[in-house]
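Let's walk through this structure together, one topic at a time. Have the sequence and the 3D view ready as you read.

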Amino acid sequence: MSGGRHILWLKVIWVGTVVTALYLPIVSVILASLANTRYMRFPHRVWTLDAYRAAAADYTTVTLHMISLQIALCVVLVSVLLGTIGAMAYARYDWKGRSLFQRLIVLPIFFPQPVLGLALLLSMSALGIAPSWKTAVVAHAVWIVPIVTLVISIRLFGYDVAQEEAAFDLGASRWQVAREITLPALWPGIFSGALFAFLLSWSNLPLSVYTSGADTPLPLWLFSRTATNYSPLVPAIAVIGTFVSGLIVLLLLAVRQLLARRT
Amino acid sequence: MALPPPALTLTGLTKRFGSKTAVDDISLDIRDGEFFTIVGPSGSGKSSLVRLLAGLDTPTTGRLHLRGTDITEVPANRRPTAMVFQSLALFDHRSVGQNIEFAMKMKGVPQAERRARALDLLRLVRLPEDYYPRPVTQCSGGERQRVALARALGSDPEILFFDEPLSAIDYRLRKTLEVELKELHQRTGKTFIYITHSLEEAMVMSDRIAIMRTGRFEQIGTPDEIYRRPNSRFVASFMGEVNILEISRTKGTPHFADLDLPAPQAPGAFAVLRPEALSPGAGEGPSFDALVTQKLMLGSRTQFHLRAGNTALIAEVAAGPRSALEVGQTARFGFDPADIAWVDS
């Protein structure tokens, strides 16, 4: 049927356009990192890996990644812990003001991040706290905990809490109930939540700008060096950063795979 | 003849939630091997009561004895009882087999033995053996019921509790499962304590029925006693459609207030008359003229909705020549006073 063939072609073109639009900027960054000029121009007169050599030699590269990683891991820990407790509170208990609290907790997500960052900075200076990577963790958490709570809640939707009582009734101890029933039900949500928390913190700029103080996370450095003092070092470090975060996500996936096989 | 000790003895069992008393001073013996059903409307405290019996909640006051041993403070996981929950509460990330084996796994029973026992239980609840590895999420409503039952039996309990497990099942399947549950009770010889809001369901399965209302038992008896000799309008109305006639004593001699008929011997304030006790034609008993307002065919019986004066009544007649009446006709209806159950409240 020729109509079907037309539709197939339209589908191919459509999907191709979307994929190109998604990946073209990433490819351009990789291309930009292979130049040796201070101005973005294409095609390059000289193709070189100099920028990567400079990045590898520069201690800043490690520092930037370590700070971002430090923040992201702390945010993952805090938001998964609080998000799990919050999601369980929704799933398990029917308390007064439950739906109001549910709305209140997602409100920070709608608040523009630069304003939120500024507000947090002002509050911290009022309290006499010097901004550093630790205050950035707090700032990220304010924005990310609600998202993680939401993600875990969604995965927990439909979880019948009576399962825990049934297990207890069938002779399981409190600890066995947690291990056999509660954790397996929570685990997919915790995993998605952790992934969200990590990626949102790793790439966050507007909150870090105000709250990280003298410590510079990766996106902040990329932003300031692109605005002033650009060199191919910037896209090179951006590419390295992408690989590092990709590696960490793969690591998380591998851990999940391993845990899934064990049960 | 010495009676065996009761399986479960409730002594002044009370549960309060704040100022609300859900279970109000209940004392009762449940015999070994009995199918005991507690019937009540929602909010009557029947679920709160069964949670106390299962050990999922502790009573505010009162004691609970299992074959003479005080188990009031023993938590659910150390009681030799198991519950089939209203939501069934199947472990949905596990297979049918893993669900059934759960209690045995917690006890540390070796895998091979667990599996053999699980397959036995599958047969007992009439599920094919190849359901063993199937995820419970792939089971139909009726199959899930059977898995929940097999899982509860998997802990080899002395007493099984059922918290309205059939309430979400459609009528025909419910009827099948009721009969199967009764047969299972007879085969296993275990004590079953069953909660439901349907007296009809209770009638089919139970040895004894307790009607519960606001935390107390209104009446306890065999299905026959509950049906024939309800002790209050509340119990009588639970059975579905029933005629309740108030007795008036204002004119000196007692009479049926609404029908304006004398009631010479009236030992109660209300007369409960089953629809099948009311029939067309005047017999030796009291009779009155009534208008047929509705005629419903119920298969083997025909139901007539009647109006006598200001009173609406229901009569049921076996299909046949006596059910030839049509809507709009007026006919004489009568009843035998011996069929009346007298109640005071």
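## An unusual backbone angle in chain B

A good place to start is B:Ala89, which sits in the loop that runs between strand E6 (81–84) and helix H2 (96–107) of chain B. Keep in mind that this is a predicted model. What is the sign of phi at B:Ala89? The angle is positive, about 55°, although B:Ala89 is not a glycine. As background, most residues other than glycine have a negative phi.

Is B:Ala89 buried or exposed? B:Ala89 counts as buried because 22 other C-beta atoms lie within 10 Å, and the cut-off for buried is 20 or more.

## A second case in chain A

Chain A offers a residue to set beside that one. A:Asn229 has a phi near 65°, again a positive value in a residue other than glycine. To find A:Asn229, look in the loop between helix H10 (218–227) and helix H11 (233–262) of chain A.

The surroundings are worth a look too. A:Asn229 has 10 other C-beta atoms within 10 Å, so it is classed as exposed; the cut-off for exposed is 12 or fewer. In short, both residues sit in loops, but A:Asn229 is exposed whereas B:Ala89 is buried.

## The build of chain A

Now step back to chain A as a whole. Which kinds of secondary structure does chain A hold? It has 11 helices and 0 strands, and along the sequence this reads as α-α-α-α-α-α-α-α-α-α-α.

Next come the overall dimensions. The C-alpha trace of chain A spans about 75 × 75 × 35 Å along its principal axes. Its radius of gyration is 23 Å, while a compact globule of 263 residues would have one near 18 Å. Buried residues account for 33% of the 263 residues in chain A. Among the contacts in chain A with a separation of 6 or more, 79% join residues 24 or more positions apart.

## Where the two chains meet

How many residues does each chain bring to the contact? Chain A gives 16 residues and chain B gives 16 residues. On the side of chain A that touches chain B, the elements that supply two or more residues are helix H7 (162–169) and helix H8 (174–202) of chain A. H7(A) provides the largest share of that side, with 7 residues.

What is the chemical make-up of this side of chain A? Its residues divide into 9 nonpolar, 4 polar and 3 charged.

Notes: Residues are numbered from 1 along each chain as its sequence is written. Chains are lettered from A and ligands numbered from 1 in the order in which they are written. This is a predicted model: local features need pLDDT of at least 70, side-chain atom pairs count only at pLDDT 80 or more; totals for chains, interfaces and linings use all residues. Two residues are in contact if their C-beta atoms, placed from the backbone, lie within 7 Å. Helices (H or I, at least four residues) and strands (E, at least two) are DSSP runs, numbered from the N terminus. Ala, Val, Leu, Ile, Met, Phe, Trp, Tyr, Cys and Pro count as nonpolar, Asp, Glu, Lys and Arg as charged, and the others, Gly among them, as polar. The radius of gyration is taken over C-alpha atoms; the globule rule is 2.2 Å times the number of residues to the power 0.38.
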